[in-house]
Amino acid sequence: MMSLICLKEITKVYGKNNNEVRALNGVTLHIESGEMTAIIGPSGSGKTTLLNIIGCVDQATTGEYWLNNVYVPDCGQKEKAKLRNERFGFIVQDFALVERYSVIKNVLLPLTYSSKKIPKSRAAELLDMLGLSDKHKTLASDLSGGQRQRVAIARALINDPDIILADEPTGALDVKTGNEVMEIFEQLNREGKTIIMITHNYEIANRCKRTIMIEDGRTEEKKSTKIACGVFRL
Ligand SMILES: Nc1ncnc2c1ncn2[C@@H]1O[C@H](COP(=O)(O)OP(=O)(O)OP(=O)(O)O)[C@@H](O)[C@H]1O
Ligand SMILES: [Mg+2]
């Protein structure tokens, strides 16, 4: 049987001629359903590019990608949008909350684009689960960093996706809040969600069952279970 996510020799080149940037340089990767995987690597190594390709936000320049046996490069824009909205929950690098919207309105936003039948009451349930029961009506602009991160997680979960893609979900948080966020991811993973998480932090990576290192657009599986602690920043 094929893995949930199968990437073969993926490349991504931005720009043209003299301005070419080879962000991914032949990435082959298989991710199984239910895995919790960390992607770790220096700034500019291609982590976000890889996550965007996996999440059907961006497309590879060359290479093959199967998502749950669907050959993604052959999908049209509409099909890709449907995959993106229904299969994935995204937590982007800067959270991307709408500042002038309330917390609950931010969480409900993805439902505008979804054909899934999700009751609006799910937003309140998620916020309660994430410890934000008293913040439903607060404007996003009035939240702390940790609260913003949790709203971004609630928004990523509203569509009940089976794959969660998180770009540095603990990057802007203090250690305690970062731990709380990791506990939420670990719980979601126990419930069966597949999680792919970018981090610069080895301690965070060590909490994932699998770690993939990326450097200069190439990936390498980290075989040992534990890697030296510290923060990977260039
Ligand atoms: N839209 C774009 N146009 C041109 N170049 C881009 C674009 N997006 C990314 N790049 C380049 O591709 C390379 C990989 O970028 P990417 O954002 O994937 O890195 P990253 O590993 O996520 O870095 P960081 O840890 O800083 O977020 C970088 O050299 C970057 O400058
Ligand atoms: Mg990035």
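User: How do you know what share of the contacts in the protein comes from residues far apart in sequence, 24 or more positions?

Analyst: In this predicted model, two residues are in contact when heavy atoms lie within 4.5 Å. Among contacts with a separation of 6 or more, 71% join residues 24 or more positions apart. The protein in question has seven helices and ten strands.

User: What makes the radius of gyration agree or disagree with that of a compact globule?

Analyst: For 234 residues, a compact globule would be expected near 17 Å, and the protein has 17 Å, so the value agrees. Along the principal axes, the C-alpha atoms fill a box of roughly 50 × 45 × 40 Å.

User: Why is Asn25 called buried, exposed or partly exposed?

Analyst: The relative accessible area of Asn25 is 24%. Buried requires under 20% and exposed requires over 50%, with partly exposed in between, so Asn25 is partly exposed. For the protein as a whole, 50% of the 234 residues count as buried.

User: Where does Asn25 lie, and what is Asn25 in contact with?

Analyst: Asn25 belongs to strand β2 (residues 21–31). Setting aside neighbours within four places in sequence, the contacts of Asn25 are Ile10, Thr11, Asp216, Gly217 and Arg218. Lys105 is 80 residues from Asn25 in sequence and 39 Å from Asn25 in space, C-alpha to C-alpha.

User: What makes a set of residues a nonpolar core, and which residues have the most contacts inside the largest one?

Analyst: The members must be buried residues of the nonpolar kinds, joined through side-chain atoms within 4.5 Å. The largest such core has 39 residues, and Ile91, Ile153, Phe185 and Met197 have the most contacts inside it. Elements giving two or more residues to this core include β3 (36–40), α5 (145–157), α6 (175–190) and β8 (194–199). The most comes from α5, with six residues. A second, separate core has 27 residues, among them Leu4, Ile5, Ile53 and Cys75. In soluble globular proteins, nonpolar side chains tend to be buried together.

User: Which residues is Met197 in contact with, beyond neighbours within four places in sequence?

Analyst: Met197 touches Met36, Thr37, Ala38, Ile39, Ala166, Pro169, Met182, Phe185, Ile204 and Cys208.

User: How many side chains are positive and how many negative, and how far apart are the centres of the two sets?

Analyst: There are 32 positive and 29 negative side chains, with the centres of the two sets 4 Å apart.

User: What part of the accessible surface belongs to carbon and sulfur atoms?

Analyst: Carbon and sulfur atoms hold 49% of an accessible surface of about 11800 Å².

Terms used
Residues numbered from 1 in each chain as written. Chains lettered and ligands numbered in written order. Predicted model: local features only at pLDDT ≥ 70, side-chain atom pairs only at ≥ 80, totals over all residues. Heavy atoms only, no water. Helix = DSSP H or I, 4+ residues; strand = E, 2+ residues; numbered from the N terminus. Rg over C-alpha atoms; globule rule 2.2 N^0.38 Å. Buried < 20%, exposed > 50% of the residue type's maximum accessible area, 1.4 Å probe, protein only. Areas by Shrake-Rupley, 256 points an atom, 1.4 Å probe, with all protein chains shown as cover. Lys, Arg positive; Asp, Glu negative; His and termini not counted. Charge placed at Lys NZ, Arg CZ, Asp CG, Glu CD.
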